[in-house]
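Thank you all for coming; I would like to take a few minutes to walk you through a structure that may be new to you. Please have the picture in view while I talk.

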Amino acid sequence: MKICVIYDSVTGNTKMLADRIQEKYRDRLTDRMEEADVIFLGSWTDKGSMSGKIKEQAEKLREKKVFLFGTCGFGGSSEYYEKLFERAAALLDDSNEIIGHYYCQGKMPLSVKERYLSLLREHPEDQRMQASIQNFEDALTHPDEKDLDRLSKLLDELRL
């Protein structure tokens, strides 16, 4: 069974997940999507969805087994991860079979924190912005080893 890992990573978070997947299946990897039986498709989160580059790839897939994965700045909410999965899955043609998915929190660029701080200076009472800054701080260590171990366990359960 040939496996192809396609991903887009801006800060290196999604690359960390992709590296773990490639490590697991290193003896069966192919760079050619057409010859792969299984596609691992991963993206950073762009406004609640996959990056444009990965959306294009997702829409091209036909008759493949697909595992969706990604990272997002906002973490700790399995409901949010499920929404990300549902949005990604909706981009796939019905001829594909989704065999699993994994999402976790990832650190964000410093420019995000700077934007939050600027907005907080304008509105110091904004509790939502205070929570966003705390989330930024919490995300700095992710994906961490626990996140990667959870992904590894899920990959083991796939039995590919």
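I will go from the sheet to the helices, and then to the empty spaces.

Please keep in mind throughout that what you see is a predicted model. Let me begin with the sheet, which is an open one of 4 strands in the order S1-S2-S3-S4, with parallel pairing. At its edges stand S1 and S4, the latter covering residues 97-105, and each has a single partner strand, so one side of each is left without a neighbour in the sheet. On average, and ignoring direction, neighbouring strands of this sheet are turned by 15° against each other. As a general reminder, strands of a sheet pair through backbone hydrogen bonds, either parallel or antiparallel. Looking at one pair in detail, S2 and S3, where S3 spans residues 65-72, are joined in the parallel sense over 7 bridges, and Leu41 has Leu68 in S3 as its bridge partner.

Now to the helices. Helix H1, residues 13-24, lies across S1, S2, S3 and S4, and runs at about 145° to S3, while helix H3, residues 78-89, lies across S3 and S4 and runs at about 140° to S4. In helix H2, which covers residues 52-60, the buried residues are Ile54, Gln57 and Ala58. Seen down the axis of H2, these buried residues fall within an arc of 100°, so they line one face of the helix. What do the buried residues of H2 pack against? They pack against strand S1, residues 3-8, and strand S2, residues 38-44.

That leaves the empty spaces. The largest pocket has a volume of about 450 Å³, and of the 20 residues that line this pocket, Trp44, Thr45, Gly73, Met108 and Val112 lie nearest its centre. Two elements, S3 and helix H4 (110-122), give two or more residues to the lining of the largest pocket, and the largest share, 3 residues, comes from H4.

There is also 1 cavity of 30 Å³ or more in the structure, and about 60 Å³ of space lies in the largest cavity. Its lining includes Ser43, Trp44 and Thr45, together with Phe69, Leu84, Arg87, Ala88 and Tyr103, among others. Here the elements giving two or more residues to the lining are S2 and H3, with H3 providing the largest share, 3 residues.

Methods
Residues are numbered from 1 along each chain as its sequence is written. This is a predicted model: local features need pLDDT of at least 70, side-chain atom pairs count only at pLDDT 80 or more; totals for chains, interfaces and linings use all residues. Side-chain values use heavy atoms; hydrogens and water are left out. Buried means under 20% relative accessible area, exposed over 50%, partly exposed in between (1.4 Å probe, protein chains only). The arc is that of the directions from the helix axis to the C-beta atoms. Contact means heavy atoms within 4.5 Å. Two strands pair if DSSP finds at least two bridges between them. Axes are lines fitted to C-alpha atoms, for helices over the stretch in contact, and angles run from 0 to 180 degrees between N-to-C directions. On a 1 Å grid over the protein atoms alone, a cavity is a set of points where a 1.4 Å probe fits but cannot get out, and a pocket is an open set with protein on both sides within 12 Å along at least five of seven lines; lining residues have an atom within 4 Å of a point. Grid points are joined across faces, edges and corners, and a volume is the space filled by probe spheres set on the points.
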